[in-house]
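Biologist: I should like to go through the charged side-chain pairs in this protein. Could you take me through them?

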Amino acid sequence: MSSVALGRRLLLAAAVAVVAVGGAQSANALEKVRLLIPVRNIDEAFSPFVVAREKGYFTDEGYDVTLIAVGGSNESAIQVSAGNAEVGAASPGEALVGIQSGKLDIRYFYGLYYSNIWSVAVLPDSPIKTLADLKGKKLGVQSMGSAGTTFGRAFAQTAGLDPEKDFSFLPIGVGAQAVTSVRQKLVDGVIYWDAALAKFKFSGLDLRQIPVPENLRTLPDVALLARNDTVGKNPKMLTGIARAVAKGYDYSMANPEAAVLITWKAYPEARSKNPDTAAALKEGVIVNQARLGIWNTPKIGDKHGMLVDADWNRLIQFFVDQKVLPAAVPVDRVVTDKFIGDINAYDRASIISDAKKEDISKLQ
């Protein structure tokens with residue numbers, strides 16, 4: 001699909017979503033914002049965004065926000081740069097390439113993931129114990145365009161392996177197809193993201209993760225971005241959107257069961273297929289908390305969303321080393337922290353208290 005065609009689809013999706021919620025007069029007074037989520041289907045791993053919308057945190061800031069699933073970080077970054085959405089969540093791989101080349105006019109303004117979400121995982125009885133043991137092996141990835149291939153190469157290089165000669169990748173998709181490929185040993189291991197590994201486990205495939213170097217595990221990942229002219233001309237909107245998401249995170253951490261149920265109510269297709277209601281909710285909470293566990297780090301203290309320059313410089317050098325970037329790009333072209341103080345200027349204790357009072361029986 002072309003960028004223009006996709007842009008039209010995003011505009012249509014936003015219009016349909018607004019009509020679906022009734023078009024109340026109060027909503028018409030709010031500034032409309034399209035926020036892109038880099039997955040094909042929004043689920044409990046993204047509860048802060050859904051909670052922010054459903055609990056009225058975006059509305060409190062003066063914005064009528066439509067969450068639009070776009071299927072990937074690259075798409076999110078491209079569409080925001082093209083003006084087809086105001087804000088996007090995106091992993092920084094292709095975004096960095098676009099920023100350096102000048103093809104993407106965007107900048108990150110609020111951090112979400114403070115560790116990368118990728119792991120090498122194998123069957124419990126696999127002889128693979130360390131990254132060095134990957135020599136001669138075949139690793140399953142969702143697709144050859146997956147960021148898992150980039151991180152897989154980097155993980156192996158730290159063990160002295162040549163990613164061009166010593167092992168190979170095989171695209172095995174997601175869901176049942178991926179589970180079957182592992183069980184039938186069509187691959188020796190996989191490189192998948194945290195939520196996917198958790199859902200494999202719920203399908204009866206409990207994999208063992210291979211330890212990776214700390215300097216790679218703690219590379220920053222997904223963050224919120226906007227066009228540079230939006231950063232310059234509409235700081236109020238960016239601050240309000242990020243503050244609402246921060247509130248959604250606080251709520252989700254204080255009452256993950258409620259956050260999961262709120263997400264499932266808004267997106268029924270995300271609900272666990274486990275017929276046992278209690279077990280299904282437990283599964284949802286595991287996925288939710290596994291992802292939200294990387295939304296924080298001691299490095300940022302109590303400042304949600306702070307972008308740590310030293311870590312982003314490490315990330316930039318990582319992509320140079322992996323030949324994703326031809327040369328380093330100045331970090332101040334990639335991120336800005338100038339909104340973080342205002343974003344965090346809210347009554348966090350009140351959000352947490354309200355979350356803990358939520359009666360989950362009314363959400364089921």
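Modeller: What follows concerns the salt bridges in this structure, which is a predicted model.

Biologist: How many salt bridges are there?

Modeller: The count comes to 13 salt bridges.

Biologist: Which side chain does Lys199 meet in a salt bridge?

Modeller: Lys199 pairs with Asp43, at 2.8 Å from N to O. Lys199 belongs to helix H9 (residues 194-202), while Asp43 sits in the loop between strand S1 (31-37) and helix H3 (47-54), so this salt bridge ties together parts that are 156 residues apart in sequence.

Biologist: And is Asp43 buried or exposed?

Modeller: Asp43 counts as buried because its relative accessibility is 11%, and the cut-off for buried is under 20%. Its partner Lys199 is partly exposed, at 32%.

Biologist: Turning to Arg227, which Asp does it meet at 3.5 Å?

Modeller: That is Asp105, with the 3.5 Å taken from N to O. Arg227 is in strand S10 (residues 223-227), and Asp105 is in the loop between helix H6 (92-101) and strand S4 (106-111). The two residues are 122 residues apart, and the pair links distant parts of the chain.

Biologist: What is the relative accessibility of Arg227?

Modeller: Arg227 has 22% and counts as partly exposed. Asp105 is also partly exposed, at 30%.

Biologist: With which residue does Arg227 form a salt bridge at 3.2 Å?

Modeller: With Asp229, where 3.2 Å separates the closest N and O atoms. Asp229 is partly exposed, with a relative accessible area of 32%.

Biologist: Which residues do salt bridges with shared partners join into one network?

Modeller: Glu61, Arg243 and Lys247 are joined in that way.

Notes:
Residues are numbered from 1 along each chain as its sequence is written. This is a predicted model: local features need pLDDT of at least 70, side-chain atom pairs count only at pLDDT 80 or more; totals for chains, interfaces and linings use all residues. Side-chain values use heavy atoms; hydrogens and water are left out. A salt bridge is a side-chain nitrogen of Lys or Arg within 4 Å of a carboxyl oxygen of Asp or Glu. Helices (H or I, at least four residues) and strands (E, at least two) are DSSP runs, numbered from the N terminus. Buried means under 20% relative accessible area, exposed over 50%, partly exposed in between (1.4 Å probe, protein chains only).
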